[in-house]
Amino acid sequence: MSLTRPHKLSVQGALGDRGREMMRGTFESEMTLYLFAPNNVPKPLAWGTYKKEPDKHFYMCDFYDMADDLPDIQKFCAIVAKIHLDSMGKSPVNKYGFQITTHLAYVDNDNSWSDSWEEWYARALKRMLDEEEKSHGPEEELAILTTAMFEKVIPRLLRPLET
């Protein structure tokens, strides 16, 4: 097969059952993003297990050099909004969530289905904050910010987007 340009690949790997779950979750979630923003997400190519190393798993996608600069905020927000608008109503169960577990590094995301985006996001963020507290202990300033986030920011930001 001849390509018109050098084809660079990005390959990630992880070990064990959690590693397999991480690579599958990455592939599935990136495929979903790619469906709605193919010009803004590297194309996912494959995920699987190494034949000769059955405890080692991989995820592979196209590789792109990333710019060190911050993206133009208006263009970036337009892309995020387009993904949300284009994906509305495409859930297999007509709810917010995702059909499999995804991860933020080694922390699994609670993607279980929710009736509202606000409910889903709050639960997912709480999971991350709980992991942070387990890892580093409680912090007074973070607790104050967390309360404001859950009582004010999340409802005011996400609730209007559901109507």
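In which helix does Glu140 lie? Glu140 lies in helix 4, and this briefing, which concerns a predicted model, starts from that residue before turning to the nonpolar cores and to Tyr64.

**The negative patch**
- On the surface there is a patch of negative charge, in which Glu140 gathers with Glu132, Glu133, Glu139 and Glu141.
- Two elements, helix 3 (117-136) and helix 4 (140-158), give two or more residues each to this negative patch.
- Glu140 has a relative accessible area of 67%, and it counts as exposed because this value is over the 50% cut-off.

**The nonpolar cores**
- The largest nonpolar core has 7 residues in all, and these are Trp117, Trp120, Ala122, Ala124, Leu125, Ile154 and Leu158.
- Helix 3 and helix 4 are the elements that give two or more residues to this core, and the largest share, 5 residues, comes from helix 3.
- Apart from this core lies another one, made of 6 residues, which include Met22, Met23, Phe27 and Cys61.
- As general background, nonpolar side chains tend to be buried together in soluble globular proteins.

**Tyr64 and its surroundings**
- Tyr64 has its place in the loop that runs between strand 3 (56-62) and helix 2 (73-87).
- With a relative accessible area of 44%, Tyr64 is described as partly exposed, because this value falls between the cut-offs of 20% for buried and 50% for exposed.
- Measuring from C-alpha to C-alpha, Tyr64 and Gly89 are 31 Å apart in space, while in sequence they are 25 residues apart.

Methods: Residues numbered from 1 in each chain as written. Predicted model: local features only at pLDDT ≥ 70, side-chain atom pairs only at ≥ 80, totals over all residues. Heavy atoms only, no water. Patch = residues over 30% accessible without salt bridge, like charges linked within 9 Å, V, L, I, M, F, W, Y side chains within 5 Å. Areas by Shrake-Rupley, 256 points an atom, 1.4 Å probe, with all protein chains shown as cover. Salt bridge = Lys/Arg side-chain N within 4 Å of Asp/Glu carboxyl O. Lys, Arg positive; Asp, Glu negative; His and termini not counted. Charge placed at Lys NZ, Arg CZ, Asp CG, Glu CD. Helix = DSSP H or I, 4+ residues; strand = E, 2+ residues; numbered from the N terminus. Buried < 20%, exposed > 50% of the residue type's maximum accessible area, 1.4 Å probe, protein only. Core = buried A, V, L, I, M, F, W, Y, C linked by side-chain atoms within 4.5 Å.
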